[in-house]
Amino acid sequence: MTPGQTILLPEAELHYYEALFSKKESDRLFDSLLKHIDWQQGEGTFFGKKALIPRLQAWYGETGEGKIYKYSGMTLIPLDWTPDLLFIKSRIDELAGVHFTNVLVNLYRDGRDGVGWHSDDESILGKNPIIGSVSFGATRVFQLRHKTRGIRFELELTHGSFLLMQGPTQHYWQHRIPKKAGITRPRINLTFRVLHEVKGG
Ligand SMILES: O=C(O)CCC(=O)C(=O)O
Ligand SMILES: [Mn+2]
């Protein structure tokens with residue numbers, strides 16, 4: 001494992017580990033996740049209209065009273081952890097010193113898939129959401145923009161990498177994966193999250 005690096009940006013707390021998983025582990029996990037995750041193409045509401053989300057997704061992890069995640073107009077019911085997901089989770093739980101409760105798994109089939117500007121700031125994620133993001137497959141650009149200061153930053157998320165976003169990051173920054181012509185290979189991204197019980201949620 002390579003040591004992580006801290007990305008210094010105002011009002012953010014970001015750590016990046018370029019090779020948290022070895023090439024061999026990453027190849028195996030990519031193939032196995034592609035085959036075993038229950039991929040779905042969800043519908044979201046964009047500018048008041050329903051449309052297919054430009055990527056496949058699945059939601060896994062802990063379930064329970066008050067732990068219902070609403071995302072982009074959808075209500076997600078988690079599937080049970082799989083051995084691959086638990087393997088990945090144990091490594092990042094230890095590294096981040098966090099007990100991640102759930103994961104949103106994304107499949108970007110090629111450069112026509114992406115995710116638009118957003119913050120992961122739903123109230124069920126708590127005051128300062130902790131997001132652990134693992135990537136396998138094609139390298140894609142991850143962009144950040146500060147909500148008011150006009151600052152932008154980008155980095156390439158490579159095969160086997162881990163990006164930890166915590167502290168005030170989600171309050172002050174948005175992120176996205178832009179669509180990009182010419183990318184033909186798929187990418188799998190796993191954003192592990194910590195869900196807090198919300199009364200009446
Ligand atoms: O694919 C990525 O790296 C980011 C995904 C993301 O931001 C999300 O699922 O909330
Ligand atoms: Mn996100």
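Reader: What distance does helix α2 reach from its first C-alpha to its last?
Author: This is a predicted model, in which local features need pLDDT of at least 70, side-chain atom pairs count only at pLDDT 80 or more, and totals for chains, interfaces and linings use all residues. Residues are numbered from 1 along each chain as its sequence is written, chains are lettered from A and ligands numbered from 1 in the order written, and side-chain values use heavy atoms, with hydrogens and water left out. Helices (DSSP runs of H or I, at least four residues) and strands (E, at least two) are numbered from the N terminus. Helix α2 covers residues 83–96, 14 in number, and at 1.5 Å a residue (times one less than the number of residues) the expected span is close to the value found, 20 Å.

Reader: How do the buried residues of α2 fall when seen down its axis, and within what arc?
Author: D84, L85, I88, K89, I92, D93 and A96 are buried in α2 (under 20% relative accessible area; exposed is over 50%, partly exposed in between, with a 1.4 Å probe and protein chains only). P83 and E94, on the other side, are exposed. The buried residues line one face of the helix because, by the directions from the axis to the C-beta atoms, they fall within an arc of 150°.

Reader: Which elements do the buried residues of α1 pack against?
Author: Helix α1 has 14 residues, and the 20 Å between its end C-alpha atoms agrees with the expected span. Its buried residues are S26, L29, F30, S32 and L33. By contact (heavy atoms within 4.5 Å), their partners are α2, β10 and β15.

Reader: What phi does the residue just after α2 take?
Author: The buried residues of α2 pack against α1 (23–36), β5 (56–61), β8, β10 (131–137), β13 (161–166) and β15. Just after this helix comes G97, with a positive phi of about 65°.

Reader: Which residue has a positive phi although it is not a glycine?
Author: The residue lies in the loop between β1 (5–7) and β2 (13–17). With a relative accessibility of 28%, it counts as partly exposed. Its phi is about 60°, and the residue is E11.

Reader: Which element gives the largest share of the lining of the largest cavity?
Author: A cavity is a set of points on a 1 Å grid over the protein atoms alone where a 1.4 Å probe fits but cannot get out; a pocket is an open set with protein on both sides within 12 Å along at least five of seven lines, and lining residues have an atom within 4 Å of a point. The count is 1 cavity of 30 Å³ or more, with a volume of about 140 Å³ for the largest (the space filled by probe spheres on points joined across faces, edges and corners). Its lining has 17 residues, with N106, Y108, H175, N189 and T191 nearest the centre. Two or more residues come from each of β8 (102–108), β9 (115–118), β14 (173–177) and β15 (187–193), and the largest share, 4 residues, is from β15.

Reader: Which elements give two or more residues to the lining of the second largest pocket?
Author: The volume of this pocket is about 180 Å³. Its lining includes D38, G42, W59, M74 and L104. The elements asked for are β5 and β7 (74–76).

Reader: Which residues is G42 in contact with, leaving aside its neighbours within four places in sequence?
Author: G42 lies in the loop between α1 and β3 (43–46) and counts as buried, at 16% relative accessibility. Its C-alpha atom is separated by 15 Å from that of Y60, 18 residues apart along the chain. The contacts of G42 are A51, L52, I53 and M74.
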